[in-house]
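Dear colleague,

Please find below the structure that I agreed to hand over to you. My notes on it follow directly after.

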Amino acid sequence: MAIDCLVLGAGQEVGKSCVVVSINGKRIMFDCGMHMGYTDSRRYPDFSLISKTGDFDNALTCVIVTHFHLDHIGALPYFTEVCGYKGPIYMTYPTKALAPLMLEDYRKNMDRRGEGEQFTAEHIAECMKKVIPVDLKQTVQVDKDLQIRAYYAGHVIGAAMFYAKVGDAAMVYTGDYNMTPDRHLGAAQIDRLQLDLLITESTYATTIRDSRYGREREFLKAVHNCVAAGGKVLIPTFALGRAQELCILLEDYWERMNLKIPIYFSAGLTIQANMYYKMLINWTSQKIKETYATRNAFDFKNGTNLAEIMINGFHQFTYFLDPAIAKFLLLRIRNFDRSMINAPGPCVLFATPGMIVGGFSLEVFMQWAPSENNLVTLPGYCVAGTIGHKLMSGKPTKIDLDKDTQIDVRCQIHQLSFSPHTDAKGIMDLVKFLSPKHAILVHGEKPKMATLKERIQSELGIQCYCPANNETVTIPSTHYVKADASDTFIRSCLNPNFKFSTCSSVDKSYLDSNGSKAISRLSVSDDRVSEGILVVGKGKKAKVIHQDELLNTFGEKKHEIQFAYCFPMHMNRTENIPSASDLLCSLDRCTLISRLSTILSNELSEGNILDLGEQLQVESFRASVCLSDNCPHRLSGSFQNNSESVFFCCCWAVADEKLAWKIISIMKGSTLQTT
């Protein structure tokens, strides 16, 4: 069996995440995002590659969305309500609650830009009706074969990694995640799992971020310097995630420095998102949860004033609403509207959307960019093609918005990595922890992905891939077979099978005129079989048998190949023993074998040397004194019978050929003592 991964988005790029995985007969779409840098057909994944006929209900088992960012969910209403997918969609409870806010805000921005409506407010509402919310670590049985489970991913509230298992094959799709905690969210958490495949984001594939506190100090210094000089600070950010993180940071700094300069949220989206964040306090970091009893971290004293908040669909949450949340409705806040853009005096404004791709953040940028006193700080990753990316790529003096509009850029540009994505160390840590058989990198830049791929393969020994959009990667999957076990195999595993033999070793503490003395020692071995042989019969029934049963099972006879070699070994001849024949008369073969054993014990560091009387054995290698002048294993004419040598006939199995020639080399280079 194999796992096929069709990458429809985020292949060697950041944007429109969408991966369709076929695993043991089930087909899952992970994420359904849009590309923030395009307004043409490249905005959405090419759904025709899933089904040429448009029959997506039969082509897909389910859709899983990891979090509410538009590059992961932006195409979902289009796919369900325009393309016609009506099957199940899974996401966490917070993602289901917050996704409509993001989608509706994006829809309104499309209308303002005159791009043409891709989906309507009704489409968003109908799409959300198809969603089945899940809790963290809740095992969901999609059908009788497919089960899924969500794990905490950090990144943004409600973000989850998803585990999917069909039969014996298992995989994890991470979506976006963060391996280090920040001020309002914890670090990603996942069980140690046995995986065939891990599909992981790689946004910061080669980046190792410095201390969070150092980045925070740099950010606060830049903002404070700007407002102290009377300037305005624009922080373009998505309503959910970095806005809450940076608001907590600024709120704390404003209180410590006793600053009275206002901090604004644009329109009502972030305000509404803050309300949801307060209700979903259980999804935040441990520090936020611990201080929740005395103060909710999302009650921003220096923030905007809220007139009305609509809360829909929270009856399905298991999280209770604490009375302290009601305090939020009474805060001293003013709505920031367009009439305040050119108002005098310093301020800090969080404006959506992030990356300055349109909407209110673009409107404010066009007004504030020409002033040198103002500051635009970009706290996260910006996709290629956006104004944010152009600002991060250098300091342009002019930006062409379209053929008729040019923006004069004189303001200060400040770039900081407050991105909620994990860095290269975090990715490597996760891959090492899960140790999948295969890994696929998505959601990253091609050159950096290639570097990370090499690291994963060289340092972790895991096969890694980084496919482009619309490419398919096929990997093998795990398939377990239920097998019977033969009685012989079971007995061989359970019962001791001791073998006793005598081996020679040299006692160097005892020396006489003849040198070291060989001492016989008892050797004990246990040859129980720990691995059997899997046999699958014609009926496809599997059975594990003992190795000795294999030939009998197939009605075959045992065949073994052995090598043999007869050669002379030099001996130390004395005056009163004139020839080898006289030596063999005065010394029996057992004595010669014993002295050969002594030589090998001194020279050979491997193998178990056994003195068997008239024969010496090391593993399958056997050596004995040869008395035949016509031995078939002796190369004719290659050796001369002389008075200073004695022939040994040796044989061995193929498996010990290297050992055999090592022993022969020792014997040829040694001399037998005759006294």
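Across which strands does helix α6 lie, and at about what angle to β12 does it run? Please note before reading on that this is a predicted model. Helix α6, residues 212-228, lies across β12, β14 (347-351), β15 and β18, and its direction is at about 140 degrees to that of β12. Helix α10, formed by residues 359-368, also packs on the sheet. It touches β12, β14 and β15, and the angle between its direction and that of β12 is about 150 degrees.

The sheet in question is open and has five strands, in the order β13-β14-β12-β15-β18, with parallel pairing. Its edges are formed by β13 (263-265) and β18 (412-415), each of which pairs on one side only. On average, neighbouring strands of this sheet are turned by 20 degrees against each other, direction ignored. Within the sheet, β12 (residues 232-236) and β15 (residues 375-378) are joined by two bridges in the parallel sense; Leu234 has Val376 of β15 as its bridge partner.

One residue of helix α6 deserves separate mention, namely Cys226. Is Cys226 buried or exposed? Its relative accessibility is 2%, and Cys226 therefore counts as buried, the limit being under 20%. Leaving aside residues up to four places away in sequence, Cys226 touches Gly231, Lys232, Val233, Asn373, Asn374 and Leu375. Of these contacts, the one with Asn373 joins positions 147 residues apart along the chain, with a separation of 6.8 Å between the two C-alpha atoms.

A further set of parallel strands involves β5, residues 89-92. Both faces of β5 are covered: Ile89 and Met91 are buried on one side, and Tyr90 and Thr92 are buried on the other. Strand β4 (residues 62-64) pairs with β5 in the parallel sense over two bridges, and Ile64 has Tyr90 as its bridge partner in β5. Strand β6 (residues 131-134) also runs parallel to β5, to which four bridges join it; here the bridge partner of Ile89 is Val131.

Two residues other than glycine have a positive phi. For Asp31 the value is about 70 degrees, and for Ser435 it is near 45 degrees. Asp31 is located in the loop between β3 (26-30) and α1 (56-59), whereas Ser435 is located in the loop between α12 (424-434) and β19 (438-442). How does their accessibility compare with the cut-offs? Asp31 has a relative accessibility of 0% and so counts as buried. Ser435, at 47%, counts as partly exposed, because that class covers values between 20% and 50%.

Finally, there is a nonpolar patch on the surface. Phe498, Leu522 and Val524 make up this patch, with an area of about 330 Å². Val524 belongs to strand β24, residues 515-526. With a relative accessible area of 48%, Val524 is partly exposed.

With kind regards

Terms used:
Residues are numbered from 1 along each chain as its sequence is written. This is a predicted model: local features need pLDDT of at least 70, side-chain atom pairs count only at pLDDT 80 or more; totals for chains, interfaces and linings use all residues. Side-chain values use heavy atoms; hydrogens and water are left out. Two strands pair if DSSP finds at least two bridges between them. Axes are lines fitted to C-alpha atoms, for helices over the stretch in contact, and angles run from 0 to 180 degrees between N-to-C directions. Contact means heavy atoms within 4.5 Å. Buried means under 20% relative accessible area, exposed over 50%, partly exposed in between (1.4 Å probe, protein chains only). Patches are made of residues with over 30% relative accessible area and no salt bridge: like charges are joined within 9 Å, nonpolar side chains (Val, Leu, Ile, Met, Phe, Trp, Tyr) within 5 Å. Accessible areas come from the Shrake-Rupley method with a 1.4 Å probe; for residues, only the protein chains shown count as cover. A salt bridge is a side-chain nitrogen of Lys or Arg within 4 Å of a carboxyl oxygen of Asp or Glu.
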